[in-house]
Amino acid sequence: MAPPGGVMTMDLEGNRILWTQFILAAALARTARGLLERAPADRSEVEVCYADTHAGSGHLPPPAALDRVLAARSEFTSRVFHDAVADRDGFYPGSWLLAGRAVGALDEPRLALEIDVNDIDEAVIRAARTNREGGWVRFWSHDWFQFLKSRLAMQRRPGFVFIDPPPDDPRGPGYAIDAAILLDTMAVPYMVTYPVDSPQEPIDQIGRSGLELHGSILGYGALLGGGAEAVVLDVLPDLRRLAALLGGEFTIRLPRATGDDYCI
């Protein structure tokens, strides 16, 4: 499946970023539109509160396949991602900057974005402070699960949580499972990423379907829940097209549990 140049093998991290952030942008845009639809017509401002547990500095090197994906913009139904990353100044936006651009790309004047940026590395947070592009941003530097518990305890809960744990997290998938189940219980839209060589058990425990990109060496997956999963049917054709552009294949991993039925 790999195109000339072997994109999946040469830029594994870049392909992971493109895959997960495309899904993130589409899900966040769908969530923001839902908040607008449910808000009273006379409400002048509708807050979108986004929390990023592993935010990074916000500036990343442009992925190798980015130009290929941008050139195929007309082939996608959901173009929020393309609008958010098309204009760049020598860097590619990290997930929290992309979230701000994705909401801004909706061109809805009533939407007001509030971002919570967390990274356990204080040096990364210092860099992030200089990279913010506007809007209301809070910066945290905590263990990600402690950050999430603290953020959920605040009077106004986040309206979307992005959990992108590093593959070398020594605690394994347990904390992400607990976080996903908690967010589902609280009806807080969320997205969790994982490597596709992860065991089936976390998928079964969370009870959500994984959107997976498979390549010749390694692949990446994303789980949506808490209401964010509503975007899945909208973007299925887009994910097939994106996977092909990245030199991989798109598959859906379903949860398995005896006697229970799940749906995305």
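In the predicted model, helix α6 (residues 122-131) lies across strands β4 and β5 and runs at about 170° to β5. Residue E122 belongs to this helix, and because its relative accessibility is 52%, above the 50% limit for an exposed residue, E122 counts as exposed. The C-alpha atom of E122 is separated by 8.8 Å from that of H142, a residue that lies 20 positions away along the chain.

The two strands crossed by α6 are part of an open sheet of eight strands, arranged in the order β5-β4-β1-β6-β7-β9-β8-β10 with mixed pairing. The edges of this sheet are formed by β5 (136-140) and β10 (249-253), each of which pairs on one side only. On average, and with direction ignored, neighbouring strands of the sheet are turned by 20° against each other.

Helix α5 (residues 95-105) also packs on the sheet, where it touches β1, β4, β5 and β6 (160-163), and its direction makes about 175° with that of β4. This helix is mostly covered, with eight of its 11 residues buried; the buried positions are S95, W96, L97, L98, A99, R101, A102 and V103. Just after α5 comes D107, which takes a positive phi of about 55° although this residue is not a glycine. For comparison, most residues other than glycine have a negative phi. D107 is found in the loop that connects α5 to β4, and it is classed as exposed because its relative accessible area is 65%, where over 50% is required.

Several of the strand pairs can be described in register. Strand β1 (residues 46-52) and strand β4 (residues 111-118) pair in the parallel sense over seven bridges, and within this pair Y50 stands opposite I115 of β4. Strand β1 also pairs with β6, again in the parallel sense, over three bridges, and here the bridge partner of A51 is V161 in β6. Strand β6 is in turn joined to β7 by three bridges, the two strands running parallel, with F162 placed opposite M191 in β7. The side chains of β6 are divided between two directions, F160 and F162 pointing one way from the strand and V161 and I163 the other way, and all of these residues are buried.

A further residue with a positive phi precedes β7. A187 lies in the loop between α8 (174-185) and β7, and its phi is about 55° although the residue is not a glycine. With a relative accessible area of 53%, which is over the 50% cut-off, A187 is therefore exposed.

The final feature considered is the largest pocket, which has a volume of about 530 Å³. Its lining is made up of 26 residues, of which E13, R16, I17, D164 and P165 are the closest to the pocket centre. Helix α2 (12-38) and strands β7 (190-195) and β9 (220-225) each supply at least two residues of this lining, and α2 gives the most, with six residues. In chemical character, the lining residues divide into 12 nonpolar, 10 polar and four charged.

Conventions. Residues numbered from 1 in each chain as written. Predicted model: local features only at pLDDT ≥ 70, side-chain atom pairs only at ≥ 80, totals over all residues. Heavy atoms only, no water. Pairing = 2+ DSSP bridges. Helix = DSSP H or I, 4+ residues; strand = E, 2+ residues; numbered from the N terminus. Axes fitted to C-alpha atoms, helices over the stretch in contact; angles between N-to-C directions. Contact = heavy atoms within 4.5 Å. 1 Å grid on protein atoms, 1.4 Å probe; cavity = no way out; pocket = protein on both sides within 12 Å on 5 of 7 lines; lining within 4 Å. Points joined across faces, edges and corners; volume = space filled by probe spheres on them. Nonpolar A, V, L, I, M, F, W, Y, C, P; charged D, E, K, R; others polar. Buried < 20%, exposed > 50% of the residue type's maximum accessible area, 1.4 Å probe, protein only.
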